[in-house]
Amino acid sequence: MKVAIIPGDGIGKEVLPAALSVLDVFGLDIEKVPLEIGFGKWEKTGSAITDDDIALIRQCDCVLFGAITTVPDPNYKSVLVRMRKELDLYANIRPFTPLEKVKLPCAKKFDFVIVRENTEGMYSGVEELHEDVAYSTRIITRKGSTRIAEKACKIAKMRKKQLTIVHKANVLKSDSFFRDVCTGVAKKNDIRYNEMFVDAMAYDMILHPEKYDVIVTTNLFGDILSDEAAAMAGGLGLCPSANIGDKYALFEPIHGSAPDIAGKGIANPIAAILSVKMMLEWAGFNAEAKTIGQAVNNVLDNAIITPDLGGSYSTFDVSNAITKLIR
Ligand code: NAD
């Protein structure tokens with residue numbers, strides 16, 4: 001397998017090497033293709049990602065990604081949005097299964113997956129910035145809605161077969177379209193489904209998270225709800241994600257480049273390590289993936305944790321403890 005390695009910016013440069021040290025323990029036949037992409041590259045060269053970078057990524061089976069700084073400069077285009085679109089990584093899959101031993105702000109047990117449409121919606125990239133007005137066009141297509149609903153139903157079939165379709169169809173026509181396509185796909189797949197308005201969902205997810213199994217939604221709503229879910233699951237430093245298309249895949253922690261802690265060596269590497277676990281599951285290395293999950297739980301059990309979880313260990317203390325356990 002050939003994997004493009006993109007640490008990116010900020011703590012991406014710390015958590016990705018830590019995660020790679022865990023991957024390396026297995027000695028799998030994986031060719032790594034390192035790539036410099038992100039804000040740092042933009043500062044040096046005026047381009048955060050080039051056509052050549054995309055061409056190199058296309059030669060790989062998947063991408064392991066750290067995090068990227070996106071600056072609010074109209075000339076700076078989001079690298080991740082471009083990669084998700086160009087590689088057609090249409091499904092952003094974010095599992096929220098709290099790890100044992102992590103102190104949670106929420107007393108209720110929960111285990112759900114957010115399946116977020118990843119290539120259109122508010123992040124379609126169709127935008128105009130004028131002197132006195134700005135437009136961002138929210139695009140929802142039948143193709144995009146159908147394939148994300150199919151993906152969510154496929155995941156639901158492997159779980160409790162319960163789908164929640166999240167939208168704002170009471171206000172947005174594009175969302176009544178999304179809702180109708182999703183309900184049609186759920187019926188066709190014989191999956192139980194319910195619907196929630198996104199604002200009510202943000203509220204109910206905190207009060208009754210145990211009710212949810214698979215949540216399917218549009219790009220921006222999924223982005224926001226998954227940060228809320230990360231807070232419920234113990235923090236951004238613990239939550240991995242997979243961006244899946246029919247041909248390529250990209251695995252990344254859901255957090256950003258965290259400039260407030262970058263360079264201090266204290267970023268929690270578990271989200272990046274669990275992203276490696278998701279990559280191994282995707283590639284069929286299930287035993288290795290399971291081993292990573294067990295080692296992560298074990299390290300948490302022994303309170304080898306970074307400051308975000310109340311500990312005083314460094315990024316590499318945590319990844320070293322995990323590699324030691326796996327060995
Ligand atoms: P962020 O996720 O970088 O940080 C939010 C908070 O969580 C910060 O207090 C940070 O210290 C903490 N945090 C995040 N990851 C952590 C970890 N592994 N261990 C310990 N603490 C962690 O979000 P932000 O501050 O809103 O954004 C910073 C930059 O990252 C921005 O430029 C933003 O555009 C970018 N961003 C990138 C991605 C990505 O690359 N996928 C995602 C979100 C934000």
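1. Start with D301. This residue belongs to helix α10, which covers residues 286–301. The model is a predicted one. D301 counts as partly exposed, because its relative accessibility is 45% and the partly exposed class runs between 20% and 50%. Now look for L99. The two residues are 202 apart in sequence, but their C-alpha atoms are 9.9 Å apart in space.

2. I93 offers another pair of this kind. You will find I93 in strand β4. What is its relative accessible area? The value is 13%, so I93 is buried. Its partner here is I215, 122 residues away along the chain. From C-alpha to C-alpha, I93 and I215 are separated by 9.9 Å.

3. Now take a pair with a wide separation. T97 sits in the loop between β4 and β5. With a relative accessible area of 46%, T97 is partly exposed. T97 and G46 are 51 residues apart in sequence. In space, their C-alpha atoms lie 40 Å apart. Trace both residues in the structure to see this.

4. H130 comes next. Its place is the loop between β6 and β7, where β7 spans 134–136. H130 has 42% relative accessibility and counts as partly exposed. The C-alpha atoms of H130 and L35 are separated by 35 Å, and the two residues are 95 apart along the chain. H130 also has a side-chain partner, E128. A polar contact of 2.7 Å joins these two side chains.

5. N118 has a polar partner too. Which loop holds N118? It is the one between β5 (112–117) and β6 (127–129). Is N118 buried or exposed? N118 is buried, because its relative accessibility is 3% and buried means under 20%. The side chain of N118 makes a polar contact of 3.3 Å with the side chain of N92.

6. Check the backbone angles at D88. This residue is not a glycine, yet it has a positive phi of about 55°. D88 lies in the loop between α4 and β4, with β4 covering 91–96. Its relative accessible area is 28%, and D88 is partly exposed.

7. K161 deserves the same check. Its phi is near 60°, a positive value in a residue other than glycine. K161 is in the loop between α5 (142–157) and β8 (162–167). With a relative accessible area of 41%, K161 is partly exposed.

8. Turn to the aromatic rings. How many aromatic pairs does a search of the whole structure find? The search finds 6. One of the pairs joins F39 and Y76. Their ring centres are 6.0 Å apart and their planes meet at 80°, so the pair is edge-to-face. The reasoning rests on a cut-off: planes over 60 degrees apart count as edge-to-face.

9. Stay with F39 and Y76, and ask where they lie. F39 is in helix α2, residues 39–45. Y76 is in the loop between β3 (62–67) and α4 (79–86). The pair therefore ties together parts that are 37 residues apart in sequence. Both F39 and Y76 are buried. W42 joins the group as well: ring pairs link F39, W42 and Y76 into a cluster.

10. A ring can also have a charge over it. Which ring lies under the charged end of R138? That ring belongs to F221. The charged end of R138 is 5.3 Å from the ring's centre.

11. Finally, the ligand. It is surrounded by 21 residues, and the closest are I68, T70, G256, A258 and D260. The shell divides into 11 nonpolar, 7 polar and 3 charged residues.

12. Backbone atoms of the protein approach the ligand. A polar backbone atom of G256 is 2.7 Å from an oxygen atom of the ligand. For A258, a backbone N or O atom lies 2.8 Å from a ligand oxygen. N268 has a backbone N or O atom 2.9 Å from a nitrogen atom of the ligand. How much of the ligand does the protein cover? On its own, the ligand has 800 Å² of accessible area, and the protein covers 68% of it.

Methods:
Residues numbered from 1 in each chain as written. Predicted model: local features only at pLDDT ≥ 70, side-chain atom pairs only at ≥ 80, totals over all residues. Heavy atoms only, no water. Near = heavy atom within 4 Å. Polar contact = N/O pair within 3.5 Å; in protein donor to acceptor, adjacent residues only side chain to side chain. Areas by Shrake-Rupley, 256 points an atom, 1.4 Å probe, with all protein chains shown as cover. Nonpolar A, V, L, I, M, F, W, Y, C, P; charged D, E, K, R; others polar. Phe/Tyr/Trp six-rings, centres within 6.5 Å; stacked < 30°, edge-to-face > 60°. Helix = DSSP H or I, 4+ residues; strand = E, 2+ residues; numbered from the N terminus. Buried < 20%, exposed > 50% of the residue type's maximum accessible area, 1.4 Å probe, protein only. Lys NZ or Arg CZ within 6 Å of the ring centre and 35° of its normal.
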